[in-house]
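Please look through the predicted model shown here, and use the report that follows as a guide to some of its parts.

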Amino acid sequence: MAQKLLWIANTDGPFAHEEWRRTLAGFDVTAAKGSAETHRALSSQEFDSVLVSGEQPDAGAADILELAHVVDPSLPVIFWNPEMPGTEAVRLIRAGAYHCLGYKDNLETLRDWLESAMEDRRGRKRASERAASNEPWRNLLVGESRAMQTVVETIRLIGERRCTVLIGGETGTGKEMAARALHLAGPRASQAMVAINCSALPENLLEAELFGHVKGAFTGAIQTRVGRFEQAHKGTLFLDEIGDMPLELQAKLLRVLQDREIQRLGSSETIKVDVRVIAATNVNLLERVRQGRFREDLYYRLNVVPLEMPPLRKRETDIVLLVDHFVKKICKLEGIPVKKVTPEAMERLRSSPWPGNVRQLENAVEMAVAMSGKRESLFTNDFGLAPAGPVKVTSFETPVIPFPQAEITDFETAVSQFERAMLERALQKTAGNKTAAADLLGLKRTTLIMKLRNLSEPMPVYAAQ
């Protein structure tokens with residue numbers, strides 16, 4: 001379904017020019033002129049974004065913005081006015097405008113901002129609908145990107161089961177959040193989820209932590225202690241950084257997973273346990289198996305169902321939702337009103353590399369809230385972002401697109417044809433949505449736009465069907 005746009009224009013014929021028709025192709029556009037028509041349109045229909053072009057005959061820009069936000073405070077409003085002073089643009093953005101475009105911008109840039117605004121609004125609506133659903137665990141996994149949808153669907157499938165799960169992913173991708181979601185998605189949700197970091201303790205203490213000990217089992221064991229397996233009986237045990245577990249202890253863990261029984265240190269008594277085990281690692285366990293640092297039989301016992309948490313660079317479209325989530329979370333903890341992130345800052349956050357993934361992003365938001373003082377808005381400098389530089393794009397697998405041999409004149413021509421075909425294919429599949437196309441190709445949105453602008457011939461406009 002085409003996204004609905006309210007176009008507030010100071011002319012009776014907003015579609016008179018071919019450039020405007022091409023720019024807004026694919027949107028369901030409702031035109032309005034002046035405050036009265038704008039109010040009627042906002043009161044009778046629901047829109048995904050508002051575009052205000054030029055000066056209005058009976059209302060200032062701030063009045064139009066206020067009118068839109070009285071009806072819907074979350075409605076993104078974009079201003080297009082080549083004659084707007086910079087001070088006026090700053091004032092409108094601080095008042096809640098999504099973005100203001102001036103004489104340096106073109107209609108292609110305007111369409112990009114409209115697509116971004118609508119994508120952000122769709123994401124927030126989906127997040128709101130998700131929170132109201134019957135899956136409370138879904139609130140732990142913020143994001144609506146294709147990569148996160150895969151994670152969510154996997155958890156839905158295996159949440160009710162008892163099977164062991166091995167969660168992989170880079171540092172900071174949210175592996176423990178996924179483990180908690182798995183625990184809450186199944187029948188063990190009312191029982192305890194017990195977590196332990198296998199790299200945080202030396203071998204002798206880790207063994208005692210896992211299996212417990214009796215009084216006098218070793219020096220300092222002044223009383224009997226229940227281990228994590230017993231604490232997690234009928235519930236879930238989360239073994240974080242499983243790749244760092246010592247080899248000798250790996251053998252004992254394998255035996256517990258096979259027999260579902262443990263022995264406390266210093267005791268010969270066997271204790272039955274009913275525990276679902278979820279393990280997590282940020283290293284390649286198969287590589288460690290080849291190196292002799294991890295038991296192959298334990299790897300296959302843990303890897304019954306693999307679950308890979310995607311890095312933030314593969315879920316760029318989730319950054320807006322994550323930032324919004326972290327701002328609300330941190331402001332609530334600090335006991336202060338929720339702050340707003342300016343559109344410029346949000347666009348910079350979306351285009352920045354995040355090697356530390358979600359954890360790094362959360363830390364940046366916490367810094368911004370602290371550095372903003374009593375200001376209501378968070379600006380780019382508040383987040384401590386490094387100066388913009390070239391973005392390293394990771395490799396990704398793509399389908400081969402064949403070209404007739406006769407058409408290939410040289411290497412550069414072949415590469416150019418291949419790249420154009422891939423871009424065209426992605427835009428066709430996403431009905432012209434650049435954000436979704438970039439996500440499909442594994443590119444940053446800004447990289448996709450740059451590639452489109454560098455084409456020798458412009459790409460056709462693909463409208464939603």
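## A helix across a parallel sheet

In this predicted model, helix α2, which covers residues 34-44, lies across the strands β1 (4-9), β2 and β3 (49-53), and its direction makes an angle of about 170 degrees with that of β1. These strands belong to an open sheet of five strands, in which the pairing is parallel and the order reads β2-β1-β3-β4-β5. The edges are formed by β2 (28-32) and β5 (99-101), and because each of them has a single partner strand, one side of each is left without a neighbour in the sheet. With direction ignored, neighbouring strands of the sheet are turned against each other by 20 degrees on average.

At the β5 edge, the connection is made by strand β4 (residues 77-80), which runs parallel to β5 and is joined to it by three bridges. Within this pairing, Ile 78 has His 99 of β5 as its bridge partner.

## Two nonpolar cores

The largest nonpolar core holds 30 residues, and those with the most contacts inside it are Leu 210, Phe 229, Leu 239 and Ile 242. Several elements give two or more residues to this core, among them β7 (193-197), α8 (203-211), β8 (236-240) and α10 (247-259). The largest share, five residues, comes from α10.

Leu 239 can serve as an example of the contacts made here: when residues up to four places away in sequence are not counted, Leu 239 touches Ile 196, Cys 198, Leu 210, Leu 253, Val 277, Ile 278, Ala 279 and Ala 280. A second core, separate from this one, has 25 residues, including Leu 322, Ala 345, Ala 368 and Phe 383.

## Two buried helix residues

Val 151 is located in helix α6, which spans residues 146-158. Its relative accessibility is 1%, and since buried means under 20%, Val 151 counts as buried. Apart from neighbours within four places in sequence, Val 151 is in contact with Leu 141, Leu 307, Glu 308, Met 309 and Pro 310. Of these partners, Met 309 lies 158 residues from Val 151 along the chain, yet the C-alpha atoms of the two are separated by 7.1 Å.

Ser 116 is placed in helix α5, formed by residues 107-131, and with a relative accessibility of 1% Ser 116 also counts as buried. Which residues does Ser 116 contact, leaving aside its neighbours within four places in sequence? They are Tyr 98, Glu 347, Arg 350 and Arg 445.

Definitions and conventions:
Residues are numbered from 1 along each chain as its sequence is written. This is a predicted model: local features need pLDDT of at least 70, side-chain atom pairs count only at pLDDT 80 or more; totals for chains, interfaces and linings use all residues. Side-chain values use heavy atoms; hydrogens and water are left out. A nonpolar core is a set of buried Ala, Val, Leu, Ile, Met, Phe, Trp, Tyr and Cys residues joined through side-chain atoms within 4.5 Å. Buried means under 20% relative accessible area, exposed over 50%, partly exposed in between (1.4 Å probe, protein chains only). Helices (H or I, at least four residues) and strands (E, at least two) are DSSP runs, numbered from the N terminus. Contact means heavy atoms within 4.5 Å. Two strands pair if DSSP finds at least two bridges between them. Axes are lines fitted to C-alpha atoms, for helices over the stretch in contact, and angles run from 0 to 180 degrees between N-to-C directions.
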